[in-house]
Amino acid sequence: MGACLQWYVRYLQAKLASGGTATTELSGKERLDLAKAQREEIALAKDQGEMLALSDYEAAMAAILGPVRMELLSLEAKLRPKIGPEHGRLVGAEIKRTLRDLVKALGEDLEEEAC
């Protein structure tokens, strides 16, 4: 049944592409059929594990990146005793700034990836 639905969706999409007509110019039945077919395709993809909800993706990324983020942010405190008191403040501030920039960049990359 999935292959049949995929064929029908492709058929309707090709009909739109070749005729240059907008979806609003389709008959009510064709629009309804297209919507039903697309809904069935999405359901089938979810059942087959080919698609996941955005909230599930975000939760998985948070579970992966949360500990990494915490480890990176704690790096400054771990290195401060090794650097020594004479350079600790200057180097520590630079490490903290660099790590915060990295964490911010990682967050922006994930936002772009989700789009």
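Let's start with one residue: Asp 33 is buried, with a relative accessible area of 18%. A residue counts as buried when that value is under 20%, so Asp 33, at 18%, falls on the buried side of the cut-off. You can find Asp 33 in helix 2. Leaving aside residues up to four places away in sequence, Asp 33 touches Tyr 8 and Leu 12. Keep in mind as you look around that this is a predicted model.

Now step back and look at the whole chain. It has four helices and zero strands, and read from the N terminus, the elements follow the order α-α-α-α. Of the 115 residues in the chain, 16% are buried. The accessible surface amounts to about 8700 Å², and carbon and sulfur atoms account for 60% of that surface. What about contacts between parts of the chain that are distant in sequence? Among contacts between residues at least 6 apart in sequence, 49% join residues at least 24 apart.

How confident is the predictor in this chain, and where is its confidence lowest and highest? The average pLDDT of the chain is 77, and 83% of the residues score at least 70. Helix 2 has the highest confidence, with a mean of 87, while helix 4 has the lowest, with a mean of 73. This is worth remembering, because where pLDDT is low, the predicted coordinates should not be read in detail.

Let's return to helix 2, the home of Asp 33. Helix 2 covers residues 28-47. At 1.5 Å a residue, its 20 residues should span 28 Å, and the C-alpha atoms at its two ends are 29 Å apart, which agrees. Which residues of helix 2 are buried? They are Glu 30, Asp 33, Leu 34, Ala 37 and Ala 45. These residues cover an arc of only 105 degrees around the axis, so they sit on the same side of helix 2. Turn to the face that points away from this buried side, and you meet the exposed residues Lys 29, Arg 39 and Asp 47. Just after helix 2 comes Gly 49, which takes a positive phi of about 75 degrees.

One of those exposed residues leads us back to our starting point. The side chains of Lys 29 and Asp 33 meet in a salt bridge, with 2.9 Å from N to O. Both residues lie in helix 2, four residues apart, which is about one turn of the helix. Why does that spacing suit a meeting of side chains? An α-helix has 3.6 residues a turn, so residues three or four places apart point the same way. The two partners have contrasting surroundings: Lys 29 is exposed, with a relative accessible area of 58%, whereas Asp 33 is buried at 18%.

How many salt bridges does the structure hold? There are three, and we have just visited the one between Lys 29 and Asp 33. For the others, move along to helix 4, which runs over residues 85-114. Here Glu 94 forms a salt bridge with Arg 97, and their closest N and O atoms are 2.5 Å apart. Glu 94 and Arg 97 are three residues apart, about one turn of the helix. Arg 97 also meets the side chain of Asp 101 in a salt bridge, at 3.0 Å from N to O. Because Asp 101 and Arg 97 are four residues apart in helix 4, about one helical turn separates them.

Put these together and you have a network of salt bridges linking Glu 94, Arg 97 and Asp 101. Are its members buried, partly exposed or exposed? Glu 94 is partly exposed, with a relative accessible area of 39%. Arg 97 is partly exposed too, at 44%, and Asp 101 is partly exposed at 42%. When you study this network, recall that helix 4 is where confidence in the chain is lowest.

For a last stop, visit helix 3, made of residues 54-83, where you will find Val 68. Val 68 has a relative accessibility of 39% and therefore counts as partly exposed. Along the chain, Val 68 and Val 103 are 35 residues apart, and their C-alpha atoms are separated by 9.3 Å.

Definitions and conventions
Residues numbered from 1 in each chain as written. Predicted model: local features only at pLDDT ≥ 70, side-chain atom pairs only at ≥ 80, totals over all residues. Heavy atoms only, no water. Salt bridge = Lys/Arg side-chain N within 4 Å of Asp/Glu carboxyl O. Buried < 20%, exposed > 50% of the residue type's maximum accessible area, 1.4 Å probe, protein only. pLDDT = per-residue confidence, 0-100. Contact = heavy atoms within 4.5 Å. Expected span 1.5 Å × (residues − 1). Arc of directions from axis to C-beta. Areas by Shrake-Rupley, 256 points an atom, 1.4 Å probe, with all protein chains shown as cover.
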